[in-house]
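Biologist: I am new to this structure. Please take one part and look at it closely, then work outwards from there.

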Amino acid sequence: MRRLLLTAAATTAAALTLAACGTTEPAADKSEKKASEAITLKDGKGTEVKLDGPATKVVATEWNVVESLVSLGVDPVGVADVKGYKTWDSAVPLKNDPKDIGTRGEPSMDTVASLAPDLIVATTDLPPAAVKQLREVAPVLAVTSADGTGQIEQMLENVDLIAKATGTTDKAESLREGFEAKVAEGKKALTDAGLAGEQIAFADGYVASNQVSVRPYTATSLIGEVNEAVGLTNAWKVKGDEAYGLGTTDVEGLTALPKDVHFAYIGNEDDPSATPFTGALAKNSVWKSLPFVKAGDVHRLDDGIWMFGGPGSMEAYIDALVGALTK
Amino acid sequence: MAVTATEPAARPSTKAPTPRSGAAAVTAGLVLLVAALAVVDIAQGTAAVGPSEVFKALTGRADPDDASVVIASRLPRMTAGLLVGAALGMAGAVLQAVSRNVLASPDTLAVNAGSYLALGLAGATGLSLPMIASSGVAFLGGLAAAAVVLGLSGLGTGTVRLVLAGTALMLGLNSMTEGLLLLFPEQTEGLYQWNQGSIAQNGFDGVLQMLPIALVGLVGLMLTARRVDALALGDDAARGLGVPVRATRVTVVVLAALLSAAAVTLAGPIGFVGLCAPALVRPLARRFRGFARSRTSMPAAALTGMALVLGSDVLLRWLITDDLSVAVPTGVVTSLVGAVFLVAMALRLRDTAGSGAPDRLRIPSRAVFLATLAVLVTVLVGLVIAAVLVGDSKLLLGDVVNWAQGRAGRTVSFVLDTRVPRVLAALSAGAALALAGTLVQAVTRNPLAEPSVLGVTGGGALGAVILVTTAPVAGTWGVAGAAFAGSGLTAVLVFGLAARGGFQQNRLVLVGIGVAAATTALISLLIVLTDPFNATKALTWLSGSTYGRTMPDIAPVALALAVGIVVAVVRRTELDLVSLDEDTPRLLGLRLGPGRLGFLLLSVVLSSTAVACAGTIAFVGLVAPHAARALVGRRHARVVPVALLLGAVLVCTADLIGRTVIAPAQLGAGLMTAVIGTPYFLYLLVRSRR
């Protein structure tokens, strides 16, 4: 038995060795770098990012930067969790068929390297160890993931930064103008409908077992700032986290909202546990007794608007919100 | 292993019997306490509905909004707390009685973990089950886990054995569930938090659906109370009284699993209530004769359970501001309370220090040892080659040669630059854990002990998570330092508490398990409190991963490993003696205390550096030394090299599988070792059953 094992192991090792000789890539004896106009940027962590020229083969590890890239007309060659992006961010659909590079938290180094990108766009949420390794493959532009002191400004800044790195600053300019025009348009539509200054509460939520958690998007969240920009007032009193401006509460906590609030949420058709407001809460008497629920002032906005996305998602949000409130 | 710290529930009191009225008075006191806690609980919550509004609502004079909060939110939560507390308290009490084991409970029998995995599987496959069906799923999972633990550890055969079997199975099952959480983050959203146990309810529906199930369990158990009392006298005595021993045990375990499943479905696994409630009642049984019978002590345990659950909920909502208290699960508080209990009980446990008979192993010849070594080395070499070549992008040996000469192209050199450190990290972490396990098992003379069971790995993880959550920009060296500090402090605590009486083996292990449970609860608390959206990040780290490791990260563990190997080789004879029994080393004039302490310290250094390098990887320290002894006998001169090789092979294989099978996504090596290690551990238990 032991002898058999020994022979088997030795044979396997020998076979592996023989079969595995050869290379998948020719030995690189000289580097072939073409010199064009170099780009130097400072990313969200203050790290200097140097590029030989505008990047065209781009890999993105987080959905908001994927969205920005697509909006800028740069189709990323690698995207983390492609399936998830398609489920949660259909406001700005992918135009190509990018390679899946693994999860957003732990993108696969092997896959990223095999794509041989010119640039990797990540966010400051990616663990430093991963960023350090990715820098070996290509320059990494780590944009600030979210900033509770100025979400819209941060979002547009990120778009500008990505645009500079990909040579699409013209497109970024028109994105910014488009977004500002959309905000103005939404504000006008709401004012015309006599809704200026009305109270708004946006949330999402999830169900586990028989428990419902509600996640308020406070005034310091991206959605919260967009709400203010179109002339509404955020109704949440809950304190959000520093970066994303997200709070936690339960159904009881909703009783703290003012009586005349407009309540809006985004769910997901493919994920029943992410849509408690139509499902688990439908029979809850606290929910049913809430003034805005009684008044029918609860609005489900379209699926696929990524709440942490870029200008594309936020424009879709404004359209959906204005549409729902003025209907 | 032969410790039977069994304490018959009906131990005759030596003191003068107190009148029955004492028991009645105590019960009345408990009812009052529970009632008071229930009232306080109703008045707490996120809505502005305080005591006066609650009073108005209860007397029907409140405005309808406040009334609906009380009726749809507060009352269901309070009722759920009562139901869960009663179910778990009762389940724990009868499980302890029929297994004649003071540490039996839904937690230590892995019932909760089994239910959780079953529900996790249902969630990940996208099944959206109605409440009743999901409680059925939870029941099956919990019952299966309890059956495995009780079946393998045997009844009344020893406290430590039962707890180890349960803890190990729990570890394996939870690892699988964690894997599911990482793989299906959207489908299992909220499941992690739910796993900590929370009694909040969405209306009365859940409570009303679980109530009949719980009632069946509670009433059924009350009906078996007389038979349970008979069992406490011993199997033969019970048979003599005409009690069907086997049938009673099976009935009681099924009913207890039913109760735990109802509790788990309603509120998630609320930790340790089933362990603590009967433990609190037990001293009463000694003072008041009325509690000597199960028929009175079981309801008392149920009441104590209610008081524990509601008390924890009240404490939590009182300590933490309104909004955050929603995010902190009640189960974290009960787990912390329970961990303290476990440690206190371990310290009071009379340790007979009787080591089990050494495994009757054949003594293999030198040729067998050399052949085993040769096979293992070959396997390891083949594995390392495979691990370096296989990944998301497959490479060939020529690429490696180019890389080694510094002539590889950009892609190949990057892939190898990141892959080689991962392979090395897996190898050295595996070897270090195996050596740490060998040392711990030799010193404690407990073949089922390992650093993660002793809480050392948990402490390291806690240290690291504290740093990760408080300083998001912490570098890898910072994390390593924090893990080291955490492991060190935990080890000082565990060994310090167990030092009384010269590191008696069972006390050490039980204190360790208590501390390990506390570290897990604290980690959950930290993640939920500081950044609920970071759970995936911390989970990723905790699942034992070689992701993102670079050469400098491996330096500490490599250094510790080198020192460890040297010490183990130089002092191999002492290890042989320490692992033999209590008396032989003394006869030879060896002082046991310092030697043991030295080996334990070394194992702490080894396991904490391994944690820092590759996260929490369980089972390697347990399985590798055991397998090594089975292969080459007991002498440490032979066990150490074989265990080292086995550990390296195991973790390297797990890393390779985790990295490639579901690529480009990946699973931590720790999860994979648990998946590989659990079946092997169960096999060990079957084999060592006497």
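Modeller: Start with A:Arg135. Its relative accessibility is 34%, so A:Arg135 counts as partly exposed. The reason is simple: buried means under 20% and exposed means over 50%, so a value in between is partly exposed. Keep in mind that this is a predicted model.

What does the side chain of A:Arg135 meet? It forms a salt bridge with the side chain of A:Asp43, at 3.7 Å from N to O. A:Arg135 lies in helix H5 of chain A, while A:Asp43 sits in the loop between strand E1 (39-42) and strand E2 (48-51), so the pair ties together parts 92 residues apart in sequence. The partner has another setting. A:Asp43 has a relative accessible area of 7%, so it is buried.

Now follow helix H5 itself. Which strands does it connect? The chain leaves strand E6 of chain A, passes through helix H5 (residues 128-137) and arrives at strand E7 of chain A. This β-α-β crossover is right-handed. The two strands are also paired directly. E6(A) and E7(A) (residues 140-143) run parallel and are joined by four bridges. Within that pairing, A:Thr123 stands opposite A:Val143 of E7(A).

Strand E6 of chain A deserves a stop. How many of its residues are buried? Five of the five residues of E6(A) (residues 119-123) are, so the strand is largely enclosed by the rest of the structure. Cover comes on both faces. On one side A:Leu119, A:Val121 and A:Thr123 are buried. On the other side A:Ile120 and A:Ala122 are buried.

E6(A) has a second partner to look at. Strand E3 of chain A (residues 58-60) pairs with E6(A) in the parallel sense, over three bridges. There, A:Val59 has A:Ile120 as its bridge partner in E6(A). Stay with A:Val59 and move on to the next strand. A:Val59 also stands opposite A:Gly78 in strand E4 of chain A. E3(A) and E4(A) (residues 78-79) run parallel, with two bridges between them.

Put these strands together. In what order do they lie? The order is E5-E4-E3-E6-E7 in chain A, an open sheet of five strands with parallel pairing. Strand E5 (99-100) and E7 stand at the edges with a single partner strand each, so one side of each has no neighbour in the sheet.

Step away from the sheet, but stay in chain A. The charged end of A:Arg104 sits over the ring of A:Trp63, 3.7 Å from the ring centre. A:Trp63 is also one of a cluster linked by ring pairs. The other members are A:Trp88, A:Phe202, A:Tyr217, A:Tyr244, A:Trp306, A:Phe308 and A:Tyr317.

Over all chains there are 13 aromatic pairs. Take the rings of A:Trp88 and A:Trp306. Their centres are 6.2 Å apart and their planes meet at 65 degrees, so the pair is edge-to-face. A:Trp88 belongs to helix H3 (residues 82-88) of chain A and A:Trp306 to the loop between strand E12 (298-301) and helix H11 (311-326), so the pair ties together parts 218 residues apart in sequence. A:Trp88 and A:Trp306 are buried.

Compare a further pair. A:Phe263 and A:Trp287 have ring centres 5.7 Å apart and planes at 75 degrees, so this pair is edge-to-face too. A:Phe263 lies in strand E11 (residues 262-266) of chain A and A:Trp287 in helix H9 (residues 285-289) of chain A, so 24 residues of sequence separate the parts they tie together. A:Phe263 is buried, with a relative accessible area of 0%. A:Trp287 is buried at 5%.

Back to salt bridges, where we began. The structure holds 16 over all chains. Chain B offers a useful contrast to the starting pair. The side chains of B:Asp41 and B:Arg77 meet at 3.4 Å, N to O. B:Asp41 lies in helix H1 (residues 20-42) of chain B and B:Arg77 in helix H3 (residues 64-99) of chain B, so the pair ties together parts 36 residues apart in sequence. Here B:Asp41 and B:Arg77 are buried. The pair belongs to a network of salt bridges that also links B:Asp313 and B:Arg317.

Note on methods
Residues are numbered from 1 along each chain as its sequence is written. Chains are lettered from A and ligands numbered from 1 in the order in which they are written. This is a predicted model: local features need pLDDT of at least 70, side-chain atom pairs count only at pLDDT 80 or more; totals for chains, interfaces and linings use all residues. Side-chain values use heavy atoms; hydrogens and water are left out. Rings of Phe, Tyr and Trp (its six-membered ring) pair if their centres lie within 6.5 Å; planes under 30 degrees apart count as stacked, over 60 as edge-to-face and the rest as tilted. Buried means under 20% relative accessible area, exposed over 50%, partly exposed in between (1.4 Å probe, protein chains only). A charge sits over a ring if NZ of Lys or CZ of Arg is within 6 Å of the ring centre and within 35 degrees of the ring normal. Two strands pair if DSSP finds at least two bridges between them. A crossover is right-handed if, with the strands pointing away from the viewer, the path from the first strand over the helix to the second runs clockwise. A salt bridge is a side-chain nitrogen of Lys or Arg within 4 Å of a carboxyl oxygen of Asp or Glu.
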